[in-house]
Amino acid sequence: MTEAVLEVPHFRMYIDGEWVDTEDRYHLINPADEELWATSARGSAADADAAVAAAVAAHERGEWRNATPEDRAATMTRMVEILNDRMDDLVEMHVAENGVTVRQAMAFHVGYSISHLQYFADMARTYPFETPGPMLGYPTMAAGITRREPIGVVAGIVPWNFPMLLAVWKLGPALAAGNCIVLKPDEKTPATLLEVARAAHEAGVPPGVLNVVTGEGEEVGRRLSSHPDVRKIAFTGSTAVGRLIAQQASENLKKVTLELGGKGPNIVLPDADIDTAVDGALFAFCLYQGQACESGTRLLLPDALHDEFVAKMIERAKLMKVGPPADFDTAMGPIISAEQKARIEYYIELAPKEGATIAFQGEVPDGPGHWVPVTILTDVTNDMRVAREEIFGPVLCVLRYTDVQEAIDIANDSEYGLSAGVWSEDVDAAMDVARQLEAGTVWINDWHMVNVMYPFGGFKQSGIGRELGPHALDEYTEQKFVHVDLSRSLDRRIYDLVVPALEG
Ligand code: NAD
């Protein structure tokens, strides 16, 4: 290893409360300048096994699952405080890690991660872990109780686009409910997720309750999703890998939640405020360079508005500064890797061959970094591959429609169903469209506003289950019905008094 490598930060794995290293290391490359910014351990299937064994042992010891929900909430709140204190460092690290702009990292990637973790901590305090049911009068007087118990060992596998946030969406409800968890970040982006583990360590989360194994999807991810001792797997990533995970998880019938891809239809109704909708449409497909699953990538415009809308959108797109993500006035940074850049460029080249027009391409910086210009495609029809497949970059497909029913049909004609949007000055009309869209989230006059208090997930091939919202812990608990025969448990005199009364 060269001296230069030794000078950059190094990230180890976190297993059973210890920082674990490997001889083999990943080189973490800053996508904005292609420089090495850190290294990390390169874990194996054996490390995944060790982490699962630690989690099983921790679950059996019961320190975490038997702690009161209030104690779990207090420990998780300490994690939040530690992360809050390190906000600036985390933002800087996140910008280096995946090229998100500093403003988006503050608001979404790091800001949401911390506030969402607090939401899950609070939820531990309010979640109905034990609910008495109605008194049962027949055949004997009895009481029913529904308990929500932790599932056991959970594995969470996350992608590179929101590594910290998507980990919190899994570890938050898992820990609040009393489970133990093993997390696997993407090979390219382990750093901020490992900082959450550091906060857990310092906050006093017991050893083995939270573990992080860094490594290849094909090795560590596959091992976790097929491991017989893992009872639930929570995955965010591509639909292709989601299918594999579901297959791998079927061996021991693990519970599975999947958050997968999308091809978000964004419908502008004829009465929309054009300037607002133009900015909204740009925001919908350009946030984090279009590398967000919930992006609005199919813009549906009524014939009468089409030309004016596209012209205004191009004028506004020219104003967006694409450049170093660490600069505060940068609107868009680089693409995560050369591989992803090549994939996006493939679709941009494909578009004209399919009959689409490249109506606009923005500027990108010279020099190193994985840059892709903002690209607006017009003359797109919904049967083209550019309209059906997830491009995962700053590329917008503009489609035309004649009447609103046609727009709804085009929107729903997709294997995906993660997010959708409607722009209108008439909330009733927009609600009417929202009700007919096959999507887990529909924004009216907005986009990307994922709210931790509401469920997030996909219809159709965009996923299984939901993260966030008041029912998030349901996905991390088993239900148990406990029947108590009061005739044997209660003082006989009370029973003799109550039962005749019940029987009239
Ligand atoms: P990916 O599916 O290639 O990788 C995601 C994770 O899975 C990584 O950690 C990877 O190492 C791991 N993995 C790969 N092969 C595996 C296997 N055989 N078994 C177990 N794990 C394996 O996805 P990506 O390219 O990193 O991320 C982009 C995709 O994620 C896009 O399709 C995007 O839409 C989707 N995404 C969805 C959401 C959502 O909430 N619905 C959020 C973010 C990203």
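Biologist: Domain bounds come from an automatic or database domain assignment. Which domains give residues to the shell around the ligand?

Modeller: Domain 1 (47–260 + 462–480) and domain 2 (265–444) each supply at least three. This is a predicted model, where local features need pLDDT of at least 70, side-chain atom pairs count only at pLDDT 80 or more, and totals for chains, interfaces and linings use all residues. Residues are numbered from 1 along each chain as its sequence is written, and side-chain values use heavy atoms, without hydrogens and water.

Biologist: What makes the pair at Val 158 a polar contact?

Modeller: A polar contact is a pair of N or O atoms within 3.5 Å; within protein, one must be able to donate a hydrogen and the other to accept it, and residues adjacent in sequence count only if both atoms are side-chain atoms. A backbone N or O atom of Val 158 is 2.8 Å from a ligand oxygen atom, so the pair counts.

Biologist: Why does Glu 187 count too?

Modeller: An N or O atom in its side chain lies 2.9 Å from an oxygen atom of the ligand, so the pair meets the cut-off.

Biologist: What about Arg 222?

Modeller: Its backbone N or O atom lies 3.5 Å from a nitrogen atom of the ligand.
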